[in-house]
Amino acid sequence: MSQDSQHGKWTVSDSDDDDEALPSSGTPAVSNPSSRQPLTPPRPKPEPVEVPVEVKPEPANTSVSSLAIGSEARQLAAKNQLNPVKYETSPSLAGKRKKEVSDGSGWALSDSDDDDDGDVKRKSVSNLPKKAPPSPKAKKVKVEDERPPSPHGRLYYIDEPEDFFESSVPRLNDTFRFYLNKVTGLDRKYNTGALHIKDILSPLFGTLKESVQFNYCFDIAWMVQQYPSEFRDRPVLIVHGDKREAKARLVKQAQPFPHVRFCQAKLDIAFGTHHTKMMLLWYEEGFRVIILTSNLIRADWYQKTQGMWMSPLFPRLPEGSSASAGESPTFFKRDLLEYLASYRAPELEPWIQQIKEHDLSETRVYLVGSTPGRYVGPDMERWGHLRLRKLLYDHTDPIPGEEKWPVIGQFSSIGSMGLDKTKWLAGEFQRTMTTLGRSSHRSNPPMHLLYPSVDDVRTSLEGYPAGGSLPYSIQTAQKQLWLHSYFHRWKANTTGRSHAMPHIKTYMRASPDFSQLAWFLVTSANLSKAAWGALEKNNTQVMVRSYELGVLFVPSAFNMETFPVHKNPFLASSSSAGFPVPFDLPPTCYSAKDQPWIWNIPYSQAPDTHGNIWVPS
């Protein structure tokens, strides 16, 4: 059976698969137009004791198969990513798939989409390029000060600015404290004011005593190397959601590093994930919070678009201060303490106490978190999209003609939202996103959803391997073709990042001419019910599956009526009060030929920027 849509023909599986069934850990075919032999790009010598976890995908929805993706497959995928499949004009793919791609606009399932390896904790899929057998010819020469390996060999970093790894303090008069990550291969000006992880952990920001790293995916050896040498043995607490075998592998990674300890987040609702990405940094001089979108793996920090909010340096309160001292107008301190308490973890108690003893009054953003649970009554507004709705209700104002102010959502993964838009997206979620103050008016403005097209991924800095971090599956996509009429391209010429695929997640409300914002949110939450929560029991209960965290910027907290959009965030002068939106406005709607990136079907019609094709098997 097939269905036609504005974005191509989709071949639908005969079986009633789960929403997010993913291919098994098979490897794709390799073809080289000249020799028909696997082409192996040079692979840098890995750091010792490294367990590669780069391609652990972002969670997309709540079905068994979407979040049940095994760590062994993840590690195999990471290895395979080093050896992309080369393009040839007539690829020999016979026998590799049950259903072939019929033409450039076709969509098909790989034969392994119907398989289930039975591992209920699978977290990735090796729909990535096949690794050729190791060559016995030449012995690898040890290279000192090795740069991080990449999917494309050592040339991957050839265009990076000379000062890419040099730490720099952000502009001191920055209004919003919202930053993008540095990206290799861009004009140097586009990394001005951007931050690499080594910048964040630099001594320029404080004399580090101890830190906590909340995240979804870790490479412990790589993470440790990002700390300056003088701080590299300071205690680090890892807050994660791994269980069983995945947890054992994580602990094994940390064996060479006795200063690294673990705190396992409780995931009491099936198929939830610990997806929050936050750093707590305790210095001799004070305390700092960073809320970000990057995993703690090298692949997230070089050629993807990421974002972060970095707090001011919070000083210690005077001895004898009251319990309410150090609170901000946005109640950030109260909300951060409530979020940390939701873990019910003894390992976090010392940090809760530390935060109580510091002055967070300079904070001008609101915390928007998700924690797993079913909530009723007033607790329904504590987490997820109902938390965002409450904040927008209390801290924004109605705008004349607001029905023409579009909602914009931008993300890197998509969950299952039902057979039509009213089931969740255009129902409870849109009601949240369109809330402006205490108005009883319920507007129905346009909703623009930004998600990379196949061509965006193909022409990206990473090429097709960038799609390994965009895990939208054919099984989910084919059940919600209605969603794709909302889609817009990833274009970011303003920030120089059109070819740095987004792992950042942002949501906002823009004026009809896209020159003003009513609010802006940067978060770890993708477009899914697992992340944002879903109403149950005739709207008397909300259920949230995952841990997520973001910060909301509203104009009233900055003594503004709206945020003007910054037209050139990388000007030498930082005097502009405009908000640095990370992509171009207005968004560019998909054309009739554009298709959303689907990560578990083949793309063999055209090579990517590195001459490779994408052939899951």
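**Close-ups of two open sheets**

**View 1. L535 and its opposite number.** L535 sits across from V542 of strand 22. This is a predicted model, where local features need pLDDT of at least 70, side-chain atom pairs count only at pLDDT 80 or more, and totals for chains, interfaces and linings use all residues. Residues are numbered from 1 along each chain as its sequence is written, and side-chain values use heavy atoms, with hydrogens and water left out. Strand 21 pairs with strand 22 (residues 541-544) in the antiparallel sense, over three bridges. Strands here are DSSP runs of E, at least two residues, and helices are runs of H or I, at least four, numbered from the N terminus; two strands pair if DSSP finds at least two bridges between them.

**View 2. The three-stranded open sheet.** Its order is 14-22-21, with antiparallel pairing. Strand 14 (373-376) and strand 21 (534-536) are at the edges with a single partner strand each, so one side of each has no neighbour in the sheet. From one strand to the next, the twist averages 30 degrees (axes are lines fitted to C-alpha atoms, for helices over the stretch in contact; angles run from 0 to 180 degrees between N-to-C directions).

**View 3. The seven-stranded open sheet.** Here the pairing is mixed and the order reads 5-12-10-9-6-7-8. The edges belong to strand 5 (178-180) and strand 8 (260-264); each has a single partner strand, so one side of each is left without a neighbour in the sheet. The twist averages 20 degrees from one strand to the next.

**View 4. Strands 10 and 12, plus a helix.** Three bridges link strand 10 (residues 287-292) and strand 12 (residues 307-310) in the antiparallel sense, and I290 has M310 as its bridge partner in strand 12. Helix 6 (residues 332-341) packs on the sheet, touching strand 6 (208-214), strand 9 (278-283), strand 10 and strand 12 (contact means heavy atoms within 4.5 Å). The direction of helix 6 makes about 110 degrees with that of strand 9.
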